[in-house]
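This report describes how a ligand is held by its protein, starting from individual contacts and moving out to the whole fold.

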Amino acid sequence: MADHEPIAGRRVAFFGGSFDPPHTGHMAIARAARKALALDTILFAPVGAQPLKPLGSTASFEDRMAMTELATSDEPGMLVSRVDAPRPDGAPNYTIDTLRSVRTCIAADAELFCLIGADSMHGFRHWYRAAEIPFAASLIVASRPGENLENLVSLLPGGIRLETGEVTSQGSGDSALFTYTIVNPSGATASCYVLPGLHVDVSASQIRASKLNGTGSESFLLPKVAEYISEHHLYAEKE
Ligand code: ATP
């Protein structure tokens, strides 16, 4: 979908990332979040320039868009958006700004979420205007192998605390969900969700490396994405 097009649904999650390439780990957390939180729409948004990845992406933005379209094409309730496309001035794409753009595209009474993996949560305190993000969109944090989420509050930006006694859990397996209430220094509250049952041990970096040295991570690619990568000779060693 184009930038700034209206987004249908009352419960919409923004899912930003490099998607360089998209893989089964991304799809697993999106499916689990959709089910656990009864989301209408998950908006996959390949990022133009990730502020914390100064070396940038390997595949172009357009190739990452195309691969993400292919990854989500058969998935109900999943859309791909250009809302986080490279900025004309070349500046990094900050999540807080992107969430504010997404907010203008959903119904006034719709609920906005922001889906991230546990490794992103570990760096979250360093994101631009991080303390505002959980109040602009409720965070959904998915577990990832090797990334401990037990002490969630220590990962939140300074000043944000957990409302004691307000952790609720429901479901089991990959639909297990913990709900926390967090509070900022002005007393505003927001829900923050953790999906603790996701254990898909793959990263896009491993897949890119596997294209060069055949370590087997390519099995985490979706068939249509694998086909696109072969046809466009992506991630192969430059001659
Ligand atoms: P790279 O290895 O290039 O850093 P990545 O596999 O981490 O890439 P991104 O596109 O950067 O993928 O990730 C987008 C979002 O998806 C991030 O919030 C990340 O934490 C989450 N994510 C990616 N892979 C997984 C996974 N296997 N399990 C849980 N979350 C994941």
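## Polar contacts of the ligand

In this predicted model, an oxygen atom of the ligand lies 3.0 Å from a side-chain N or O atom of R144, a polar contact in the sense of a pair of N or O atoms within 3.5 Å. The side chain of R208 likewise places an N or O atom 3.1 Å from an oxygen atom of the ligand, whereas V202 uses a backbone N or O atom, 3.0 Å from a nitrogen atom of the ligand. Taken alone the ligand exposes 610 Å², of which the protein buries 92%, with areas from the Shrake-Rupley method and a 1.4 Å probe.

## The surrounding shell

The shell around the ligand comprises 22 residues, the closest being D119, S120, V200, A204 and S205; a residue counts if one of its heavy atoms lies within 4 Å. By class, the shell holds 7 nonpolar, 11 polar and 4 charged residues, with Gly counted as polar. Two or more residues each come from β1 (11-17), α1 (24-36), β4 (111-117), α4 (118-123) and α7 (204-213).

## The protein as a whole

The protein has 8 helices and 9 strands, taken as DSSP runs of at least four residues (H or I) and at least two (E) respectively. Its C-alpha trace spans about 55 × 35 × 35 Å along the principal axes.

## Basis of the values

Residues are numbered from 1 along each chain as its sequence is written, and side-chain values use heavy atoms, without hydrogens and water. Local features need pLDDT of at least 70 and side-chain atom pairs count only at pLDDT 80 or more, while totals for chains, interfaces and linings use all residues.

How values were computed: A polar contact is a pair of N or O atoms within 3.5 Å; within protein, one must be able to donate a hydrogen and the other to accept it, and residues adjacent in sequence count only if both atoms are side-chain atoms.
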